[in-house]
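Please look through the sequence and the model shown here, and then follow the explanation below with both in view.

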Amino acid sequence: MLPLSQTQKLRLQKALEQLETLSSKVNSDASVTIADSIPVNHEDGVLKGHGTVDLNGEVVATVCGVVERVNKLVYVRALRSRYKPEVGDIVIGRVIEVAQKRWKLDINYSQNAFLMLSSMNMPDGVQRRRTAVDELNMRSIFEEKDVVCAEVRGFSMMAYTFKQEVKNMESGQLLTVPPYLVKRQKQHFHHLEQYGVDLILGCNGFIWVGEHIEARDDMVEDQVNQSDSQVLLPNKNSANLEEQEKNYTTLETRKYICRAANAVRVLSTLGFIVTLEIIKGIIDLSLSLNLDIHDMLGSEFCVLVAEREAERRSSNKKKR
């Protein structure tokens, strides 16, 4: 909880009430609380799903949330719940173990995910069977504590490749927020060009803020640089000084990374949905006020963000 003064408490309460009023008008029909009756047509043969119960011939909600309808199925999606993977989700995970022909990932779920060696593009760029040599070189691709991003393709192997390539992230911060604050969108990879920062919003509540890395076709580069069909990759710890200097992150970029990360922390503290638009607005607000990075986590700035968000949503509604 934020240490708020009496004036700040009143300002924050007023802003949250305004936001609640704006959201209730939009979702008044879909939002339910415990014991609310859900209107359904029993003649269509309704299927009662999670968060519902049949009581005296009526479908009643057993949790607070939003009513979802899929064909004949009616269920209530809880507002606050643990992350449950769905096919197509973009997730961020941390490698916790290198096992036989697979990597075990922590994706903020009750079970660990598995990334199979067979789903990876090999460094030589040739589509072939994975050999014992490839298995020995698994740590040259990903090792323990590496942060990777992947797409869920099935529940037998939770994480699978994204566009034929799993991304390994370096030079940044991995943040954790409640999964319900990250909504499924068409685009989860964002490049904040004016700051030189990459932002990845994982559906599992893991958010990556790091230095922008130019996209390149590793397969083409490896085909040009490597002549052998099987390549023994050196360990990542053996990088020379020139490579370390090349990968050096400038002080200005690191400051922007910290500002973006603090913007995500502010949204998590306030319980606001994490979106690119709001994060950019918070960064711009902190720069316009000439705030230090650590001051972004203060009570006054959090209250100011809530007030600005209420003003933004109110103005957007008037434009409509």
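What follows is a walk through this predicted model, from its interior to its sheet, its loops and its charged pairs.

The interior is a good place to begin. The largest nonpolar core has 39 residues, and among these Ile 207, Val 209, Leu 270, Ile 279 and Ile 282 touch the most other members. Several elements each supply at least two residues of this core, namely the helices α1 (6–26), α5 (251–270), α6 (276–288) and α7 (299–319), together with the strands β15 (197–201) and β16 (206–211). The element that gives the most to this core is α5, with 9 residues. Leu 270, one of the residues with the most contacts to other members, can be followed in greater detail: when its neighbours within four places in sequence are set aside, Leu 270 is in contact with Leu 12, Cys 302, Val 305 and Ala 306. Apart from this assembly there is a second, separate core of 17 residues, which includes Leu 105, Leu 115, Ile 141 and Phe 142.

Two of the helices that supply the largest core, α1 and α7, are also linked by charge. The side chains of Arg 11 and Glu 300 meet in a salt bridge with an N to O distance of 3.0 Å, and this pair links distant parts of the chain, since Arg 11 lies in helix α1 and Glu 300 in helix α7, 289 residues apart. Arg 11 has a relative accessible area of 24% and is therefore classed as partly exposed, and Glu 300, with a relative accessible area of 39%, is partly exposed as well.

From there the reader may turn to a sheet. An open sheet of 3 strands has the order β2-β5-β4, and its pairing is antiparallel. Its edge strands are β2 (37–38) and β4 (52–55), each of which pairs on one side only. As a general matter, the strands of a sheet pair through backbone hydrogen bonds, which may be parallel or antiparallel in arrangement. Between β4 and strand β5 (residues 58–61), which run antiparallel, there are 4 bridges, and within this pairing Leu 55 has Glu 58 of β5 as its bridge partner.

The loop between β4 and β5 holds Asn 56, whose phi is near 55°, a positive value in a residue other than glycine. Most residues other than glycine have a negative phi. Asn 56 counts as exposed because its relative accessibility is 75%, above the 50% cut-off for that class. Where else does a residue that is not a glycine have a positive phi? Lys 101 has a phi of about 60° although it is not a glycine, and the place of Lys 101 is in the loop between β8 (90–99) and β9 (102–106). Lys 101, at a relative accessible area of 46%, is partly exposed.

Another loop, the one between β9 and β10 (113–116), contains Asn 112, which counts as partly exposed at 33% relative accessibility. Asn 112 and Gly 93 are 19 residues apart in sequence, and their C-alpha atoms are 9.5 Å apart in space.

The surface also carries a nonpolar patch, formed by Leu 47, Val 70 and Leu 73, which together have about 240 Å² of accessible area. Leu 73 belongs to strand β7 (residues 73–78) and counts as partly exposed, because its relative accessibility is 32%.

It remains to return to the charged pairs. Side chains of opposite charge can pair when their charged atoms come close, and a search of the whole structure finds 11 salt bridges. One of them joins the side chains of Arg 77 and Glu 68, at 3.0 Å from N to O; Arg 77 is partly exposed, with a relative accessible area of 34%, and Glu 68 is partly exposed at 24%. Another is formed by Glu 97 with Lys 104, where the closest N and O atoms are 3.4 Å apart, and Glu 97 counts as partly exposed at 35% relative accessibility. Finally, Glu 277, Glu 309, Arg 312 and Arg 313 are joined into one network by salt bridges that share partners.

Notes. Residues numbered from 1 in each chain as written. Predicted model: local features only at pLDDT ≥ 70, side-chain atom pairs only at ≥ 80, totals over all residues. Heavy atoms only, no water. Pairing = 2+ DSSP bridges. Patch = residues over 30% accessible without salt bridge, like charges linked within 9 Å, V, L, I, M, F, W, Y side chains within 5 Å. Areas by Shrake-Rupley, 256 points an atom, 1.4 Å probe, with all protein chains shown as cover. Salt bridge = Lys/Arg side-chain N within 4 Å of Asp/Glu carboxyl O. Buried < 20%, exposed > 50% of the residue type's maximum accessible area, 1.4 Å probe, protein only. Core = buried A, V, L, I, M, F, W, Y, C linked by side-chain atoms within 4.5 Å. Contact = heavy atoms within 4.5 Å.
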